[in-house]
Amino acid sequence: MADDRFDVVVIGSCFVDMISYVPRLPESGETIKGTKFQLDFGGKAANQCVMAQKLGANTAMVAKVGNDQFGKDTRNNFKRFGVNTDFIAVTDKAETGVTNIAVNNSGEPAFISLAGANRHLSVEDIKAAELFIKSCQVVICDKGIPLKIAEAALQYSKELGKKTLFNPSPKLESLPRSIYLNADSLIVNREEGESLTNMLADDIEGAKKVICKLHQWGAKQIVLTLGSEGAVSSEISSQHGVPVMVLIPTQKVEVVDTTGAGDALIGALAFYMSCYPQLSFAEMVFRAVNIATVTVTAHGVQASYPAAEQLDKWLFDNNARTSEQLGLVSLNVVNLENSHDELAV
């Protein structure tokens, strides 16, 4: 209902995922036998929304699906988790988005994605949810919808005074300037960071340089994920104007399926930003990384996301801790050099 208040509103993509588990990915023209099939619901934005909801956030989804069975199933799936679906619009112009996923024995996925109805989400669809957006603390937006629509969604959310998160996946070589300026938190993996900056992040020093470049272009808070090596959280210090970077380790676990782990991290981060604002950014990322790590130990995407009651209680402790108390490693960063690089337009 329009008078509801939300912690997190997610604007973006919905897909139905058809997941095949295989010993290895096939060569061109080759047929191999799979070991397991699973039908799941996905789309980066949808995954992020479900993760935040399962942790305890009150969430709403703004999206577009086709007038087909997959569209009905997608809406019902959100309702099953308690996500508000009032602004998931239906179109006759395209089918609901579908992704075919093959996952090898190392848990590494390969994708074939058909965006379908996601390409038809409009600015008007987003503005129709104005009351929901006004009521929330955090807005997440993804690139599973047209980039210009994502750009407009971030700007509109900032105009309404909201905290914004953005993940430019799949990777791009550039982003419009307004995205750097209107996304409070930019979450990228190693490959995405390298592609945006044309710099290598194959070690910590390289990762620091990539992050500094993204800060120079306007990003205020950055999470650079490094797979099994963890992540680096960084935010511009209000006192000194330099990045405060922290290396976030990840637990060693038996990896089954990494599909959707990055989305789990983003959904968990939005949950902490909206429901645990007393925590430092580094601690929010630390807790979110721990939750994302749990998801790679199970098959599927949303099916692998744990509910709050399935997680360790310390992840929901109201008491903030310092990086030293958490055992995190602070990374030394010199002052940002004045950059004359032009942003993408």
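A residue is called buried here when its relative accessible area is under 20%, exposed when that area is over 50%, and partly exposed in between, using a 1.4 Å probe and protein chains only. By that yardstick Cys14, at 1% relative accessibility, counts as buried.

Before going on, keep in mind that this is a predicted model, where local features need pLDDT of at least 70 and side-chain atom pairs count only at pLDDT 80 or more, while totals for chains, interfaces and linings use all residues. Residues are numbered from 1 along each chain as its sequence is written, and side-chain values use heavy atoms, with hydrogens and water left out.

**The cysteines**

How many disulfides does the structure hold? There are 0, a disulfide being a pair of cysteine sulfur atoms within 2.5 Å. Here is how two of the cysteines fare:

| Cysteine | Closest cysteine sulfur | Distance | Relative accessible area |
|---|---|---|---|
| Cys14 | Cys49 | 8.4 Å | 1% |
| Cys136 | Cys49 | 11 Å | 1% |

For Cys14, the 8.4 Å gap to the sulfur of Cys49 is too far for a bond. Cys136 is in no disulfide either, and it is buried too.

**Helix α1**

Cys49 is one of the buried residues of α1. Helices are DSSP runs of H or I with at least four residues, strands are runs of E with at least two, and both are numbered from the N terminus. Because 11 of the 12 residues of α1 are buried, this helix is largely enclosed by the rest of the structure. Its expected span is 1.5 Å times one less than its number of residues. For α1 (residues 44-55) that gives 16 Å, and the end C-alpha atoms are 17 Å apart, which agrees. Next comes Gly56, with a positive phi near 125°.

**An open sheet**

Two strands pair if DSSP finds at least two bridges between them. In the order β3-β2-β6-β7, 4 strands make an open sheet with mixed pairing. Its edge strands, β3 (36-42) and β7 (109-114), each pair on one side only. Strand β2 (residues 15-21) runs antiparallel to β3, joined by 7 bridges, and Ile19 stands opposite Gln38 in β3. Helix α2 (residues 69-81) packs on the sheet, touching β2, β3 and β6 (97-103); contact means heavy atoms within 4.5 Å. The direction of α2 makes about 75° with that of β3, with axes fitted to C-alpha atoms (for helices, over the stretch in contact) and angles running from 0 to 180 degrees between N-to-C directions.
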